[in-house]
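Hi everyone, thanks for coming. I'd like to walk you through one model today, going from charged pairs to rings and then to the interior. Please have a look at the screen first.

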Amino acid sequence: MAAVVGRRLPKLDAPDKATGRAAYGHDVRLPGMLHGRILYARYPHARVLTVDVSRAAQLPGVKAIVTAADNPPTRFGYGKDNTPLKGEVVRSLRDEVAAVAATDADTAAEALELIRVDYEPLTPVFDAQAALAPDAPRLHAERDSNLFSAFRYSHGDLAQGEAESDVVVAADYDLPYVAHAALETSVVIASFDHHGRLTLYSTTQIPFLLQRDLAEALGLDGSQIRIVQTAIGGAFGRGLDIYPFEPIAALLARKAGQPVRIAFSRVEEFLAAPMRQPARVRARAGARADGRLTFRDVYALLDIGAYVSWGSVTPLVMMETTASLYRVPHARFAADCVYTNNPITGAVRGYGNPQSTFFVETLMDRLAEALRLDPVEFRLRNANRPNEETPQGLKITSCGLRECLAAVAARADRSDAAEAGPAAPAAAAGNGARPTQPGRAGLSAPARAAALKRGTGFAATLNVGGGARIYRSDGCGASVKVNDFGRVTLITGSTEIGQGSETALAQIVAEVLGVQATDVAVHNSDTDVKPWDVGVHASRTTFIAGNAAHRAALDARRQLFETAAEMLQADPQDLLALDGHIGVRGRPEARVQLSRVARARHFREGGQIVSGEGWYDPPTQLVDKDTYKGNISATYGFGAQMAEVEVDTETGHVRVLRLVCANDVGRAINPMAVEGQIEGGAQMGLGYALTEELLVKDGRVLNPDFLDYRLFTSADMPVLETIIVETDDPGGPYGAKGVGEMGGTPTAAAVANAIYDAVGVRLTTLPMTPERVLAALLEHRPPPAARETQPTPASRPAPGSP
């Protein structure tokens with residue numbers, strides 16, 4: 001029986017974060033540190049004629065100024081299309097033209113105002129479809145067009161699938177820009193030592209890849225760069241690439257001969273940080289009369305902005321949802337990633353899955369209705385199963401999709417009273433409830449009650465749960481040391497970004513060695529110290545770093561057992577580690593303290609310290625570059641959600657009353673942390689569904705603050721129920737698999753399906769704001785003379801009813 005794994009434990013770093021002791025990137029102060037600021041482009045597309053920094057250089061307190069003339073002769077980034085500073089052409093309003101380092105932030109800001117830049121405006125292109133036109137202005141002259149990449153995937157025979165279909169549904173979707181909205185804005189501190197070696201204090205999610213990318217961007221050898229990760233106040237994918245402000249800080253530090261700190265303002269964060277890319281999607285799907293899926297057909301047009309980051313690879317995830325969520329015998333997926341003069345797009349939590357799950361799962365509801373099947377029953381008939389391989393090549397091991405669907409369905413109240421009655425008081429304080437909704441102040445109580453319609457919606461999700469092989473290595477290293485006093489130290493390549501990985505890994509190591517999680521110190525912040533890891537993405541840390549830590553702990557335990565066997569005169573195979581001791585099975589009196597064993601191994605002739613090593617690289621494969629088929633992850637997570645909503649038909653306001661989330665996590669190493677991940681993901685999913693949209697017009701962000709960029713707050717949150725489904729994955733540490741992204745991927749679809757169940761209108765544009773809901777209601781509302789004779793949406797037959 002497990003002693004530590006499976007226990008609800010607080011995060012190891014919780015006291016430091018709760019008391020303010022944790023040092024975030026914004027807290028770092030180095031002797032002689034300067035403050036850097038960046039001058040951004042004035043036009044979204046223009047030729048740079050001159051950059052005059054002479055007046056800024058004369059300002060007292062200015063120590064260094066860099067322009068494109070200071071760039072190394074290299075390009076960096078996923079598309080090799082970026083430079084730290086732009087000297088010939090600017091392609092977006094977030095393009096960096098110059099940067100200043102000064103003794104304080106105010107002086108640096110004043111110096112920016114003294115830099116004169118002359119431009120020749122060029123014709124911009126802000127629409128992805130227009131950017132594909134043959135006569136569209138090309139953003140990168142060296143390319144033949146603005147099409148960066150095209151994805152084309154298929155399996156089965158689409159024509160056969162269409163011919164076998166008794167029902168076919170189709171819809172067009174318009175999905176928005178979304179910001180990470182991390183509470184901590186981007187920050188970096190660059191410092192060179194007297195040997196010319198760079199130390200970068202960073203909030204990156206990929207320290208070793210950043211080390212490589214910085215070397216490329218700065219013309220240095222990777223051995224000359226050290227990355228130190230500070231405590232991170234939110235990441236959500238923002239730190240999965242190198243961005244110009246990082247090499248700019250290094251260029252300023254090298255030129256000034258002093259450390260330089262660049263910290264974004266909130267407005268700057270909205271302008272220059274990457275964001276979730278918008279997409280226009282056309283999707284179709286079919287099914288047979290017996291409720292079996294026949295085909296899916298999807299085309300997505302993605303605006304990646306002026307430069308390539310990880311936003312250009314999200315089609316890999318979109319096609320996974322399209323082709324492999326449920327049993328789909330025939331599928332086709334196509335996507336075009338297009339350059340425009342809009343802001344850059346990158347990785348955001350879920351990485352394409354919130355978009356694809358939205359269109360896949362709302363189409364599933366349309367199909368269920370067309371077949372007059374219950375939406376949950378329809379999903380169950382097509383659900384993925386354990387130990388099967390999808391036509392795309394995904395090798396599913398453990399799979400709790402059916403259990404997740406059944407769990408959320410059991411929590412649903414789909415009675416007529418629940419659909420039509422007025423809302424009960426919110427169980428959670430706030431919960432988006434308002435005593436009187438806008439536009440209804442003059443309505444009587446019965447009229448207000450009649451205007452409120454309730455509905456229930458369901459959606460499911462598939463997500464990688466054991467990493468995703470997008471590099472040659474998807475591995476992670478770990479070492480476990482036991483000192484003379486029995487204190488355990490885990491040095492792991494993985495990165496803590498607030499998700500609680502340190503605690504989960506400590507629990508895994510503690511379980512192996514028979515100690516408590518608080519007896520394990522976790523170190524993971526310095527590339528000079530920790531072993532290699534590819535980074536934090538693809539819900540990979542618990543599975544991959546957990547396996548590496550487990551192997552290292554087993555190696556350390558083997559060494560302890562070797563010595564303890566001598567001390568206890570027993571066979572090592574008969575030993576067990578528990579409660580800080582090593583004992584012999586069946587001999588309760590035969591036990592010795594772990595610390596004594598460590599000292600006995602150390603303090604003797606030919607003594608050794610207890611130090612175990614572990615490396616884990618999952619048995620996965622890079623997808624075939626032509627077919628996009630292959631087993632990209634070592635395991636896959638599944639989940640389902642049930643949303644209960646209340647729609648005000650007079651204002652369009654949607655209030656989520658309840659959200660039930662069931663997730664197949666393999667095994668919960670720390671159930672409390674798993675619940676936190678799911679709940680945090682659900683909060684982001686609710687924002688994606690109802691409130692969050694970064695408004696971009698002519699390349700400019702119009703709502704660059706938390707007043708106008710509407711996050712879903714604690715006051716808006718519904719009653720939330722989290723259900724952990726354990727399937728004991730054969731490849732995971734103690735059966736665990738990743739869960740970090742699944743919490744938010746099906747939420748928008750579940751809410752959209754619930755809105756339809758309440759009022760009979762389908763929403764295909766996110767977010768589903770009151771204005772959009774009301775417009776859809778008005779479009780479908782019968783003329784006044786006909787309202788008395790036509791059934792209301794709430795009285796229509798429920799799917800599956802006779």
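Let me start with a small puzzle: is Arg558 buried, partly exposed or exposed? Keep in mind that this is a predicted model. Arg558 turns out to be partly exposed, because its relative accessible area is 45%, and the buried class stops under 20% while the exposed class begins over 50%.

Now let's see what Arg558 does with its side chain. It meets the side chain of Asp555 in a salt bridge, with N to O at 2.8 Å. Both residues belong to helix H16, which covers residues 541–568, and they are three residues apart, about one turn of the helix. Asp555, for its part, counts as buried, because its relative accessibility is 18%. So here a partly exposed arginine is joined to a buried aspartate.

Let's stay with H16 for a moment. Glu566 in that helix forms a salt bridge with Arg604, and the closest N and O atoms are 3.1 Å apart. This pair links distant parts of the chain: Arg604 sits in the loop between helix H17 (594–602) and strand S25 (610–616), 38 residues from Glu566. How accessible are the two partners? Arg604 is partly exposed at 35%, while Glu566 counts as exposed at 52% relative accessibility.

Some charged residues go beyond simple pairs. Arg454, Glu644, Glu646, Arg655 and Arg658 are joined into one network by salt bridges that share partners.

How many salt bridges does a search of the whole structure find? The count is 40. One I like is Asp297 with Arg332, where the closest N and O atoms are 2.8 Å apart. Here, too, distant parts of the chain are linked: Asp297 is in strand S14 (residues 293–305) and Arg332 is in strand S15 (residues 330–339), 35 residues apart. Asp297 is buried, with a relative accessible area of 9%, whereas Arg332 counts as partly exposed at 40%.

On to the rings. The structure holds 13 aromatic pairs. Take Trp310 and Tyr471: their ring centres are 6.0 Å apart and their planes meet at 75 degrees, so this pair is edge-to-face. The two residues are 161 residues apart in the chain, with Trp310 in the loop between S14 and helix H9 (315–324), and Tyr471 in the loop between strand S18 (452–464) and strand S19 (476–482). Trp310 is buried, at 9% relative accessible area, and Tyr471 is buried as well, at 17%. Which residue joins Trp310 and Tyr471 in an aromatic cluster? It is Tyr78.

Rings also meet charges in this model. The charged end of Lys86 sits over the ring of Tyr307, 5.2 Å from its centre. Likewise, the charged end of Arg276 is placed over the ring of Tyr688, at 5.4 Å from the centre.

Next, the nonpolar interior. The largest nonpolar core has 171 residues, and Ile262, Val751, Ile755 and Met768 touch the most other members. Which helix gives the largest share of this core? That is H19, residues 747–759, with nine residues. If you zoom in on Ile755, you will find it touching Val645, Val647, Val654, Gly760, Val761, Leu763 and Met768, leaving aside residues up to four places away in sequence. There is also a second, separate core of 49 residues, and Leu9, Ala570, Leu575 and Val584 are among its members.

My last stop is strand S9, residues 187–192. How many of its six residues are buried? Six of the six are. Val187, Ile189 and Ser191 lie on one side and Val188, Ala190 and Phe192 on the other, so to speak a strand with both faces covered.

What lies alongside S9? Strand S12 (residues 260–263) pairs with S9 in the antiparallel sense over four bridges, and Val187 stands opposite Ala263 there. Strand S10 (residues 198–202) is also an antiparallel partner of S9, over five bridges, with Ile189 opposite Tyr201. S9 and S10 form a hairpin with five residues between them, and Gly196 in that turn has a positive phi of about 80 degrees.

That's my tour, and I'm happy to go back to any part of it.

Methods
Residues numbered from 1 in each chain as written. Predicted model: local features only at pLDDT ≥ 70, side-chain atom pairs only at ≥ 80, totals over all residues. Heavy atoms only, no water. Salt bridge = Lys/Arg side-chain N within 4 Å of Asp/Glu carboxyl O. Buried < 20%, exposed > 50% of the residue type's maximum accessible area, 1.4 Å probe, protein only. Phe/Tyr/Trp six-rings, centres within 6.5 Å; stacked < 30°, edge-to-face > 60°. Lys NZ or Arg CZ within 6 Å of the ring centre and 35° of its normal. Core = buried A, V, L, I, M, F, W, Y, C linked by side-chain atoms within 4.5 Å. Contact = heavy atoms within 4.5 Å. Pairing = 2+ DSSP bridges.
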